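Q: Got a minute to go through this one with me? I'd like to start with the DNA and then move on to how the chains meet.

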There are 2 protein chains.
Amino acid sequence: MLREERHRYILNEVKIRNRVLLTDIAQQLAVSEDTVRRDLQQLNERGKLKKVHGGAVANSFHVYTYREDQIYAHEHKIEIATKAIQLLKDGGVLVMGGGTTNLEVARLLPEHLHLTVFTPSLPIAMQLIAHENIETIFVGGRLSHDAQIALGGETIKTFSHVKADYCFMGTGNLDATQGLTEFDWEVVQLKKAMIETAQQVVVLTISEKINSAQRFNVCPVTEIHVLVTELDLYDPRLTEFSAKGLNVL
Amino acid sequence: MLREERHRYILNEVKIRNRVLLTDIAQQLAVSEDTVRRDLQQLNERGKLKKVHGGAVANSFHVYTYREDQIYAHEHKIEIATKAIQLLKDGGVLVMGGGTTNLEVARLLPEHLHLTVFTPSLPIAMQLIAHENIETIFVGGRLSHDAQIALGGETIKTFSHVKADYCFMGTGNLDATQGLTEFDWEVVQLKKAMIETAQQVVVLTISEKINSAQRFNVCPVTEIHVLVTELDLYDPRLTEFSAKGLNVL
DNA sequence: AAAAAATATGTAAAATCGTGCACAAAACCG
DNA sequence: CGGTTTTGTGCACGATTTTACATATTTTTT
């Protein structure tokens, strides 16, 4: 196990759970506690997390990147992407957010499908131009170093002129009462604008992010139309959402 | 086993697994670890992956494209890029076109240099966000499938609001009498708009494209301020340009 | 205050790295 | 074609890094 892998694993855990225990990680990664301790020290020095007695917590000043989680739950993401693609109709207009799950969607889009896609995400745009029948419009703006997406006023303004059939929202935390939440204020603004564009708001998320919340609110659950996860349809974690009228896949 | 084969194998492994162990590869390819180490070093220098202790991990900034192997005249491009970078001043505003030479510029930009860069090129934007001190603004629009850049009216309109110190123009054909030419009408429109933004127009081109012309005219030689090539300063192919007042590097 | 947990520090073994060098293969050149 | 240069590869060796364990110290909990 490379140090880099451990670091990514730890950061991902911190990002999802907001805190980690040193002993847990040592066990999960099958390395000594000393090694984990050193890892946490290094990540602490780089400002990626805040080391505390017994483990570490999220650093409130650090924006957690969307690429640190690219290795994890990859199987699930493929599954989610596959389900989500089935919602799309030929000739439709789609707005895609960032995140690795949406990247998977972009990769798995069938070649024959004709679509017009608006996206502020660099990796997703890169992936989309491989498809001949997809017209990709990159919604430009100032690029965020970590998230690899365009942010800021210009980007949001551009979205306000778009009318789309679907909006595929990627990463973010989803809670039945709090709704969709984010840790980065600028991303919140962008997501709000994207949701506005679309008739159908589709949230793609792995179960880990369900029933957890971040600092800022993007929208209530009622504004979401479809929820796509890797879970079974009758999983108890989903009942609250389907009760609120969401179409759960 | 050719080096090229090993490189491909390694990159493919990285792409699939997101990480590789040096010892594994040495075994799988039946070569010494030293050789693999050197391979990883080279791939690291080219920005294709990130070398770490014990192996390598995927470089999240690298775009794994299909037309990967434009390594043609790669040495020259590095040389040109290095020269061109010396023109830049800290705190400046730069407009970058597409092309592999500009991609090289983006890759080789020194970490300490503070810049604001406007570009319509996806791969270049992808490369630029790796630099902490560079603010990248992607000028969005409809993406061209083959050129991997944004084209069309919106893109051009956005550039009309930009005032830059430099404009780095990449690929294109340059002739002493015809000036800068292109074969794609839409690219011509875009390049014109980009030239308009900048006080200094810098053309980066390998010698092969000098004294050849395409169908459409972008601008006369007189609108170009600096010409950067891999050639010696006193090469006969350049005299015509320096005679017309171009600063030749 | 004592017990438990977590941390800091030192050390030794193992893995990995960098460098110089020899040798072979390939490319170059007259 | 033969000789030279260049390039790539493997090996040896010392230097460095990484890791796990042992032990002492600090912090937290009871």
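Q: Ok, DNA strand C: which residues come nearest to it?
A: A:Arg37, A:His53, A:Gly54, B:Arg37 and B:Gly54 come nearest, out of 17 residues around DNA strand C. Keep in mind that this is a predicted model.

Q: What share of the DNA strand C atoms within 4 Å of the protein is sugar and phosphate?
A: Sugar and phosphate make up 80% of those atoms.

Q: Got any actual distances to the phosphates? What about B:Arg37?
A: For B:Arg37, a polar side-chain atom sits 2.2 Å from a phosphate oxygen of DNA strand C.

Q: And the glycines, which atoms do they use?
A: Backbone ones. A:Gly54 has a polar backbone atom 2.7 Å from a phosphate oxygen of DNA strand C. For B:Gly54, a backbone N or O atom is 2.7 Å from a phosphate oxygen of that strand.

Q: Which helices and strands supply at least two residues of that surface?
A: From chain A, α3 (33–45) and β2 (49–52) do. From chain B, the list is α2 (22–29), α3 (33–45) and β2 (49–52).

Q: How does the surface near DNA strand C split by class?
A: There are 4 nonpolar, 7 polar and 6 charged residues.

Q: Switching to DNA strand D. How many residues surround it, and which are the closest?
A: 17 residues surround DNA strand D, and the closest are A:Arg3, A:Thr35, B:Arg3, B:Arg6 and B:Thr35.

Q: What's the sugar and phosphate share there?
A: For DNA strand D, sugar and phosphate account for 56% of the atoms that come within 4 Å of the protein.

Q: So which side chain has an N or O atom by a base nitrogen of DNA strand D?
A: A:Arg38 is one: an N or O atom in its side chain is 3.3 Å from a base nitrogen of DNA strand D.

Q: And what about phosphate oxygens of DNA strand D?
A: The side chain of A:Arg6 has an N or O atom 2.8 Å from one. On chain B, an N or O atom in the side chain of B:Ser32 is 3.1 Å from a phosphate oxygen of DNA strand D.

Q: Which elements give two or more residues to that surface?
A: α1 and α3 of chain A, together with α1 (3–17) and α3 of chain B. By class, the surface near DNA strand D has 3 nonpolar, 6 polar and 8 charged residues.

Q: Now the protein–protein side. How much area is buried between chain A and chain B?
A: About 2,700 Å², with carbon and sulfur atoms giving 64% of it. On the chain A side, A:Leu2, A:Met126 and A:His145 supply 26% of the area buried against chain B, more than any other three residues.

Q: How many residues does each chain put into the contact?
A: Chain A gives 29 residues and chain B gives 36 residues.

Q: How many salt bridges across it?
A: The rule finds 2 salt bridges between chain A and chain B. A:Glu5 and B:Arg19 meet in a salt bridge through their side chains, at 2.5 Å, N to O.

Q: And polar contacts, how many residue pairs?
A: 13 residue pairs across the interface of chain A and chain B. On the chain A side, α1 (3–17), α6 (122–128), β6 (134–138) and β7 (141–143) each give two or more residues. That side has 13 nonpolar, 9 polar and 7 charged residues.

Q: Last one: in what sense do β6(A) and strand β7 of chain B pair?
A: Antiparallel, over 2 bridges, with β7 of chain B covering residues 141–143. A:Phe138 stands opposite B:Gly141 in β7(B).

Definitions and conventions:
Residues are numbered from 1 along each chain as its sequence is written. Chains are lettered from A and ligands numbered from 1 in the order in which they are written. This is a predicted model: local features need pLDDT of at least 70, side-chain atom pairs count only at pLDDT 80 or more; totals for chains, interfaces and linings use all residues. Side-chain values use heavy atoms; hydrogens and water are left out. Contact means heavy atoms within 4.5 Å. Buried area is the accessible area (1.4 Å probe) that two parts lose on being put together, summed over both. A salt bridge is a side-chain nitrogen of Lys or Arg within 4 Å of a carboxyl oxygen of Asp or Glu. A polar contact is a pair of N or O atoms within 3.5 Å; within protein, one must be able to donate a hydrogen and the other to accept it, and residues adjacent in sequence count only if both atoms are side-chain atoms. Helices (H or I, at least four residues) and strands (E, at least two) are DSSP runs, numbered from the N terminus. Ala, Val, Leu, Ile, Met, Phe, Trp, Tyr, Cys and Pro count as nonpolar, Asp, Glu, Lys and Arg as charged, and the others, Gly among them, as polar. Two strands pair if DSSP finds at least two bridges between them. A residue is near a molecule or strand if one of its heavy atoms lies within 4 Å of it.
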